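User: I am new to this structure and would like to understand the terms used for its parts. Please take me through the reasoning behind each description.

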Amino acid sequence: MKGGNWYSFRGIHVSLALVALIIFTTLLWTWENNPIVTTLRSTQEWYHVPSEFPVEVPVDSVGTTKVKKSEEKSLPPIKENRTKLELDIVHSPAVDSIPAESPKIQYNQDVRSSSRSEVCNYAKGRWLADSRRPLYSGFGCKQWLSAMWSCRMTQRPDFSFEGYRWRPENCDMPEFDRSAFLRKMQDKTIAFIGDSLGRQQFQSLMCMSTGGEESPEIVNVGWEYGLVKHRGAIRPDGWAYRFPKTNTTILYYWSASLCDLQPLNSRDKNTDIAMHLDRPPAFMSQFLHCFDVLVLNTGHHWNRGKLTANRWIMHVDGKPNEDQKIAEIANAKNLTVYSVARWLDLQLVSHPRLKVFFRTMSPRHFFNGDWNTGGSCDNMTPLSNGSEVMQEGSSDPTIEGALTGTKIKILDITAISQLRDDAHMSRYTTRGTLNSSDCLHWCLPGIPDTWNELLVAQI
């Protein structure tokens, strides 16, 4: 009896073991063929970085240059103790700052949702005629536009330049909608810091956000940022306005060089100004924690005439610069751009919500001379030199190189604006037609509106 019970009990155990084995085998087969598992596995493989990979060097003004694998070892290794004075960063980026062939897309690009996962490059595409443009009226946006840039208020005879929009290649860029933009920027601050072209972009965004309509509900909050007109000044150092419905603030601060400028003698109004090439503007340092989106630009004030007229004296490491190589304007600009970019990249660690964009150089279109030698830009035929940009790299290698290896995004507008020599102020003003021409600043509405469309699409 006892033996029978024992064999019966043992048989039950064997049966249970067989059932468990069958269930385990079935589950294992199901798991191996589960599409979720396949996705997880491919994701892990996707993020695997091979030990050898091609690298990229900064793009020059005519295209992209690639380095062969056999040449990789010739690149200089990164030096942890590199000082701000070393200008060779402009020519030879550190190896660890160069992206590998991995799923990480460059910060100025997005991936379009398609079966081919095409890369979206906002700076690559074409200009198209669009009867729905401009986005606001040059007559109606008097509240925000400087009269000197509102071409509708001048004696300019033709405005065909207003009727075009930029369509990036492989990008699903939605039409600008001011209500959607303000909702996206609810309880946020967007700051422009740069020269007069940055001010144009600021005024453009104010007009776009209001539809060019009078908006008495918008509050001037410049005082919160010290942006008030000081005694004897022509204008304040910037402006800041708040949309009360969404608590959205848009501001601009004038910093043509992106250097920290400090008077050498604060009691003398004619004193020289210390131009600290390796320090960000004090305003940026002071209010960075207030910003959610920051847009920088510099470029056109980097010439000997501007530095002399403004009494800017180059300083490095807190003292007057004595290095003749740095004293060259191109090198001084590069040092500043690289210094600001790397300083901001370090700040992003403690400001995780902040998105920083560095806009590339806005092109000039002086023909048959320069601004002071009779140069002009009288063409009024849109896109007479073509409508497409097909190059892969930026036409501003300094900005592109400085942002390599950082989390700062490039707002690449140089090549697309180069095609629009028809949209400058030219010789037309509110006072009449002049003999001289402004082929640097743009009519508003105009090309800076496109810059903002590209900006908003990437926020």
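**Reading the predicted model**

Analyst: The protein chain contains 11 helices and 19 strands. The model is a predicted one. Of the 459 residues in the protein chain, 48% are buried. Among contacts with a separation of 6 or more, 75% link residues 24 or more positions apart.

User: Why is His424 called buried?

Analyst: The cut-off for buried is under 20% relative accessible area. His424 has 1% relative accessibility, so it counts as buried. This residue is found in strand 18, residues 424-429.

User: What makes the pairing of His424 and His365 a polar contact?

Analyst: A polar contact requires N or O atoms within 3.5 Å, one able to donate a hydrogen and the other to accept it. The side chains of His424 and His365 are joined at 2.7 Å. The side chain of His424 also reaches the backbone oxygen of His441, at 2.9 Å. Setting aside residues up to four places away in sequence, the residues that His424 touches include Arg156, Cys377, Asp438 and Trp442.

User: What is notable about the phi of Ser426, and is Ser426 buried or exposed?

Analyst: Ser426 has a positive phi of about 60 degrees although it is not a glycine. Ser426 also lies in strand 18. Its relative accessibility is 5%, and the limit for buried is under 20%, so Ser426 counts as buried.

User: Why is Asp187 called exposed?

Analyst: The term exposed applies over 50% relative accessible area. Asp187 has 52%, and therefore it is exposed. Asp187 is placed in the loop between helix 3 (178-184) and strand 6. Its phi is near 60 degrees, a positive value in a residue other than glycine.

User: How do you know that Gly194 is buried?

Analyst: Gly194 has a relative accessible area of 0%, and buried means under 20%, so the term applies. Gly194 lies in strand 6, residues 189-194. Leaving aside neighbours within four places in sequence, Gly194 is in contact with Tyr252, Tyr253, Trp254, Ser255, Ala256 and Asn297. Gly194 and Gly299 are 105 residues apart in sequence, with their C-alpha atoms 9.0 Å apart in space.

User: How do you know that the span of helix 4 agrees with what is expected?

Analyst: The expected span is 1.5 Å times one less than the number of residues. For the 15 residues of helix 4 this gives 21 Å, and the end C-alpha atoms are 21 Å apart, so the two agree. Helix 4 is mostly covered, with 15 of its 15 residues buried. At its start, a side-chain oxygen of Asp195 reaches to within 3.0 Å of the backbone nitrogen of Leu197. Just after helix 4, Gly211 takes a positive phi of about 70 degrees.

User: Why is helix 11 described as largely enclosed?

Analyst: In helix 11, 11 of the 12 residues are buried, so the rest of the structure largely encloses this helix. Among the buried residues are Ile447, Trp451, Leu454 and Gln458. Helix 11 covers residues 447-458 and reaches 17 Å from its first C-alpha to its last, close to the 16 Å expected.

User: What makes helix 4 roughly perpendicular to helix 11?

Analyst: The axes of helix 4 (residues 196-210) and helix 11 come within 9 Å and cross at roughly 75 degrees. Angles of 65 to 115 degrees count as roughly perpendicular, so the term applies to helix 4 and helix 11. The residues of this contact divide into 6 nonpolar, 4 polar and 2 charged. In helix 4 they include Leu197, Gln200 and Met208, and in helix 11 they include Pro448, Trp451 and Leu455.

User: Why is Arg242 called buried, and what does its side chain contact?

Analyst: The relative accessible area of Arg242 is 17%, which falls under the 20% cut-off, so Arg242 is buried. Its side chain makes a polar contact with the side chain of Glu224, at 3.0 Å. Arg242 is placed in strand 8, residues 238-243.

User: Where are the cis peptide bonds that involve Pro134 and Pro445?

Analyst: One joins Arg133 and Pro134, with omega about 5 degrees. Pro134 is in the loop between strand 4 (119-129) and strand 5 (164-169). The bond from Leu444 to Pro445 is also cis, with omega near 0 degrees. Pro445 lies in the loop between strand 19 (432-442) and helix 11.

Notes: Residues are numbered from 1 along each chain as its sequence is written. This is a predicted model: local features need pLDDT of at least 70, side-chain atom pairs count only at pLDDT 80 or more; totals for chains, interfaces and linings use all residues. Side-chain values use heavy atoms; hydrogens and water are left out. Helices (H or I, at least four residues) and strands (E, at least two) are DSSP runs, numbered from the N terminus. Buried means under 20% relative accessible area, exposed over 50%, partly exposed in between (1.4 Å probe, protein chains only). Contact means heavy atoms within 4.5 Å. Axes are lines fitted to C-alpha atoms, for helices over the stretch in contact, and angles run from 0 to 180 degrees between N-to-C directions. Angles under 35 degrees count as roughly parallel, over 145 as roughly antiparallel, 65 to 115 as roughly perpendicular and the rest as oblique. Ala, Val, Leu, Ile, Met, Phe, Trp, Tyr, Cys and Pro count as nonpolar, Asp, Glu, Lys and Arg as charged, and the others, Gly among them, as polar.
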